Amino acid sequence: MQLELRHLEAVCRIADAGSLGRAAVRLGVSQPGLSAQLRRIERAAGGELFFRGREGVRPTPLGEFVLSRARRVLGEMDALAAGARAAAPHPSLRLGCILLVLVDGLIEQLEPVMAGREIAVSLEHSVTTLTRMLGAGRYDAIVYGEVNDHEVPLPEGTLARTLIPKEPFCVRMSATHRLADRPLISLADLAGETWMTLVEDDDGGPEALVDACAKAGFTPALRYRIADRKMHYDLIASGRAISLSQPTAPPAEGTVLRPLDGEPINGRIRLAWNRAAVPARDADLLYRAAALAYLANVGHNAFHRTWWEARTELHPVLDPVPHPHPHPHPDGDR
């Protein structure tokens, strides 16, 4: 096996995190998977890169050498990407997102207002990866989520704006589930269920789920991590698991969505952008497109539509489409 950029990034993440577990969370992969990858990297490098211990990992002499070269290579690649973009006559808009429901309609909303521009949208399973790539200039803007009190740190040179300040997570379960007929589900009644592990590990979601379940008197049994929506829904429809879900999620055959009593877990959707790469007008257009994509999904579930319509203070502010040369105004709330 030859070392690739993704291998170098993994080595740097492990060193920065100080443990395989924390690095796995930041990379959005499982710890066993990262451990297996590290073993393959070490074989390619010719020896162990880290000392393993109860308190975490630290670089071996060989690891220090590989790390110094890896950071240099990754830095050069970031500089190359940023330089190439600056030299491009008509740069594309490079947008990174986590797996939010609104992503499906975001391109449709962007195309009319950014006609002629190439729009590249990439999905990531790690908010940490999104922010790192935003800071490195590989993304111009990102759309991401935060759960409960968690705040995602943003790199220097970025601005941010909250799109949706609050949406209460609900639960997706099989249509034949014993609680499927209830209009409102108490979290305590879900003790003993098998839960889908959240795809994003670094947006505060896993901690919020475990904390809410602890307050309800149980520890959730987390078993599956599936990013593919169809496989995710099929597993739930079969009755083998339940999962947290955005309340704007579409119906899926054999499953139902139900709100949780007391709204124990809430999400927040934010937009962040590199102010050197995204002019204020483009940031406004991106915000508007994301807002319209979100609003298009509010009617998927009657319980959320009722909740949403009663809370106008949470609704995104939809200003008219900005003119090509708007008057100067503040770029963001960060």
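1. A salt bridge is counted here when a side-chain nitrogen of Lys or Arg lies within 4 Å of a carboxyl oxygen of Asp or Glu. Asp-211 and Lys-215 satisfy this rule, with N and O 3.3 Å apart. Both belong to helix H7 (residues 205-215), and because they are four residues apart they are separated by about one helical turn. Residues are called buried under 20% relative accessible area, exposed over 50%, and partly exposed in between (1.4 Å probe, protein chains only). On that scale Asp-211 is partly exposed at 39%, whereas Lys-215 is exposed at 68%.

2. The basis of these values should be stated. The model is predicted, so that local features need pLDDT of at least 70 and side-chain atom pairs count only at pLDDT 80 or more, while totals for chains, interfaces and linings use all residues. Residues are numbered from 1 along each chain as its sequence is written, and side-chain values use heavy atoms, with hydrogens and water left out.

3. The salt-bridge count comes to 14. Side chains of opposite charge can pair when their charged atoms come close. Salt bridges with shared partners join Glu-9, Arg-13 and Arg-132 into one network.

4. Helices (H or I, at least four residues) and strands (E, at least two) are DSSP runs, numbered from the N terminus. One salt bridge between such elements joins Glu-146 to Arg-268, with the closest N and O atoms 2.9 Å apart. Glu-146 is in strand S5 (residues 141-147) and Arg-268 in strand S12 (residues 266-274), so this pair ties together parts 122 residues apart in sequence. Glu-146 is buried, its relative accessible area being 4%.

5. A further salt bridge connects the side chains of Glu-42 and Arg-52 (2.9 Å, N to O). Glu-42 belongs to helix H3 (residues 31-45) and Arg-52 to strand S1, and the two residues are ten apart in the chain. Glu-42 counts as buried at 8% relative accessibility, while Arg-52 counts as partly exposed at 42%.

6. Strand S1 also takes part in a hairpin. Two strands are said to pair if DSSP finds at least two bridges between them. S1 (residues 50-53) and S2 (residues 56-59) pair in the antiparallel sense over four bridges. Two residues lie between the strands of this hairpin, and Gly-53 stands opposite Gly-56 in S2.

7. An open sheet of three strands has the order S10-S7-S11, with antiparallel pairing. Its edge strands, S10 (243-245) and S11 (255-259), each pair on one side only. From one strand to the next, the twist averages 40° (axes are lines fitted to C-alpha atoms, for helices over the stretch in contact, and angles run from 0 to 180 degrees between N-to-C directions). Helix H8 (residues 229-237) packs on the sheet and touches S7, S10 and S11, contact meaning heavy atoms within 4.5 Å. The direction of H8 makes about 65° with that of S7. Strand S7 (residues 170-174) pairs with S10 over three antiparallel bridges, and Leu-244 in S10 is the bridge partner of Val-171.

8. On the surface, Leu-5, Val-73, Met-77 and Leu-80 make a nonpolar patch of about 310 Å². Patches consist of residues with over 30% relative accessible area and no salt bridge; like charges are joined within 9 Å, and nonpolar side chains (Val, Leu, Ile, Met, Phe, Trp, Tyr) within 5 Å. Accessible areas come from the Shrake-Rupley method with a 1.4 Å probe, and for residues only the protein chains shown count as cover. Helix H4 (residues 61-87) supplies the largest share of the nonpolar patch, three residues. Val-73 lies in H4 and is partly exposed, at 35% relative accessible area.
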